[in-house]
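Subject: Structure handover

Hello,

I am passing this structure on to you. Please open it before reading the notes underneath.

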Amino acid sequence: MTTDHVDRASPAPAASSPAARPVRATWRDYLALTKPKVISLLLWTTVTAMVMAARGWPGLWLLIVVSLAGYASAGSAGVFNMIIDRDIDLKMKRTAGRPTSSGLISRRDAAIFGSTLQVGSFAALWLWATPLAAWMSLAGFFTYVVVYTLWLKRTTWHNIVLGGAAGCFPPLVGWAAVTGDLNLFAWFLFAIVFFWTPVHFWALALMIKEEYREVGIPMLPVVHGDRLTVAQIGLYAIYTVVLSVMPVFFQEVGLIYFVSALGLGGWLLVLSWRLYRHVMAGRAVERRVAVPLYLYSMLYLALLFVAGAVDRVLLG
Ligand code: HEM
Ligand SMILES: CC(C)=CCC/C(C)=C/CC/C(C)=C/COP(=O)(O)OP(=O)(O)O
């Protein structure tokens, strides 16, 4: 593969110098294109959804196939996101070092890499899981790359709510891989992630809004300010918690899940309320009130899905 020869940290040394070796992209740079940390939680929702669907162990082979293919699909979405956004990524401190922005990996090579991952993932899910799992994964890719990144991210503050649907597909991939179809409970999992995403992202966006403002991305706190953002976070936290307990009333899950959802959700509401009160009192957003909610949002989702899996295995 060709690479744009760019020194990661400093201008390239003179060609005559013995150290004048171009910096080549390594596998670590390609790995960085796939946003591995974000995928870890996406995959967690996939794997726990598989256990929920199977009401037990879904089988080692299926777990391996779906995990690798799920990583490849979400990773491919991350690669195309970085290709499309390389201009804005370059201008923000948090993202300036990405291999597509720095030119370390050319657009062409990134596109070849991303396409290979997506085609491989689709084929693997189709052949070794179920066709529906393959379609759900492709739908997640399409929603993230086309709906969120290409269309909504730069045009409306609703980007997170609508584009966030991308992150709701991984549980459907896991469910469909086990059962070959999607029932009401699978769609509940989709909806929980849907309403959770704004809480997760806007808590972070409040802290990095100036970067978004500088590059002209219309994230909610940039467009409508902190007060509306914390109010929306509070509303979405309430929707999330209410929705999370609803599967109990459809007898899809039992007491273990119910108690966990109430406890985990209760703390999500407390942290959202603290942030709301802080900002509504006229104070500027401080890391000490926004960071706990952002970090806890991820623990919340991870543990809620574990609770669902444990409940359906033990009580199912
Ligand atoms: C529209 C939807 C979403 C947006 C805009 C969004 C945005 C972000 C951003 C900007 C970060 C900070 C990453 C960094 O520091 O570079 C982040 C972190 C993270 N997000 Fe999201 N996110 C979304 C949905 C999701 C979903 C659905 C999941 C998983 C279910 C998820 C999991 C994570 C994780 C695990 C991190 C921590 C990564 C780290 O520590 O580097 N996100 N998110
Ligand atoms: C099943 C399947 C393929 C699902 C894909 C879902 C997926 C990859 C969701 C990712 C959500 C996410 C990291 C958004 C951040 O984008 P951003 O562009 O706002 O963040 P950035 O500024 O860090 O690039």
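The notes below cover the domains, the surroundings of the two ligands and some helix pairs.

This is a predicted model, in which local features need pLDDT of at least 70 and side-chain atom pairs count only at pLDDT 80 or more, while totals for chains, interfaces and linings use all residues. Residues are numbered from 1 along each chain as its sequence is written, and chains are lettered from A and ligands numbered from 1 in the order in which they are written.

Domains

The domain assignment, which is an automatic or database one, divides the chain into domain 1 (25-181) and domain 2 (183-316). Their C-alpha centres are 21 Å apart. Across the boundary, 28 residues of domain 1 are in contact with 30 residues of domain 2 (contact: C-beta atoms, placed from the backbone, within 7 Å). On the domain 1 side, helix 2, helix 4 (86-91), helix 8 and helix 9 each give two or more residues (helices are DSSP runs of H or I with at least four residues, and strands runs of E with at least two, numbered from the N terminus). Helix 2 provides the largest share of that side, 7 residues. By class, the side of domain 1 that touches domain 2 has 15 nonpolar, 6 polar and 7 charged residues (Ala, Val, Leu, Ile, Met, Phe, Trp, Tyr, Cys and Pro count as nonpolar, Asp, Glu, Lys and Arg as charged, and the others, Gly among them, as polar).

Ligands

Ligand 1 is surrounded by 19 residues, and the closest are Lys37, Val38, Leu41, Gly164 and Gly167 (a residue is near a molecule or strand if its C-beta atom, placed from the backbone, lies within 6 Å of it). Two or more residues of this shell come from each of helix 2, helix 8 (159-163), helix 10 (184-205) and helix 14 (287-314). Helix 2 gives the most, with 6 residues. Ligand 1 lies between domain 1 and domain 2, because both give residues to its shell.

Ligand 2 also has 19 residues around it, with Ser73, Ala77, Gly140, Ala166 and Phe169 the closest. Helix 2 (36-54), helix 3, helix 7 and helix 9 (169-179) each supply at least two residues of the shell. The largest share, 5 residues, is from helix 3. The shell around ligand 2 consists of 10 nonpolar, 7 polar and 2 charged residues.

Helix pairs

Two packed helices are described by the angle between their axes and the distance between the axes. Axes here are lines fitted to C-alpha atoms, for helices over the stretch in contact, and angles run from 0 to 180 degrees between N-to-C directions. Angles under 35 degrees count as roughly parallel, over 145 as roughly antiparallel, 65 to 115 as roughly perpendicular and the rest as oblique.

Helix 3 (residues 60-84) and helix 7 (residues 131-152) have axes that come within 10 Å and cross at roughly 15 degrees. These two helices are therefore roughly parallel to each other. Their contact has 10 nonpolar, 7 polar and no charged residues. Residues of helix 3 in this contact include Ser73 and Ala77, and those of helix 7 include Gly140; Ser73, Ala77 and Gly140 are also among the residues closest to ligand 2.

Helix 7 also packs with helix 9, at an angle of about 170 degrees and with the axes 8 Å apart. Helix 7 is therefore roughly antiparallel to helix 9. Gly140 of helix 7 and Phe169 of helix 9 are among the residues that make the contact. Its residues divide into 10 nonpolar, 3 polar and no charged.

Helix 13 (residues 255-280) and helix 14 pack at about 170 degrees, their axes 9 Å apart. This pair is therefore roughly antiparallel. Their contact comprises 19 nonpolar, 4 polar and 2 charged residues.

Regards

Methods
Contact = placed C-beta atoms within 7 Å.
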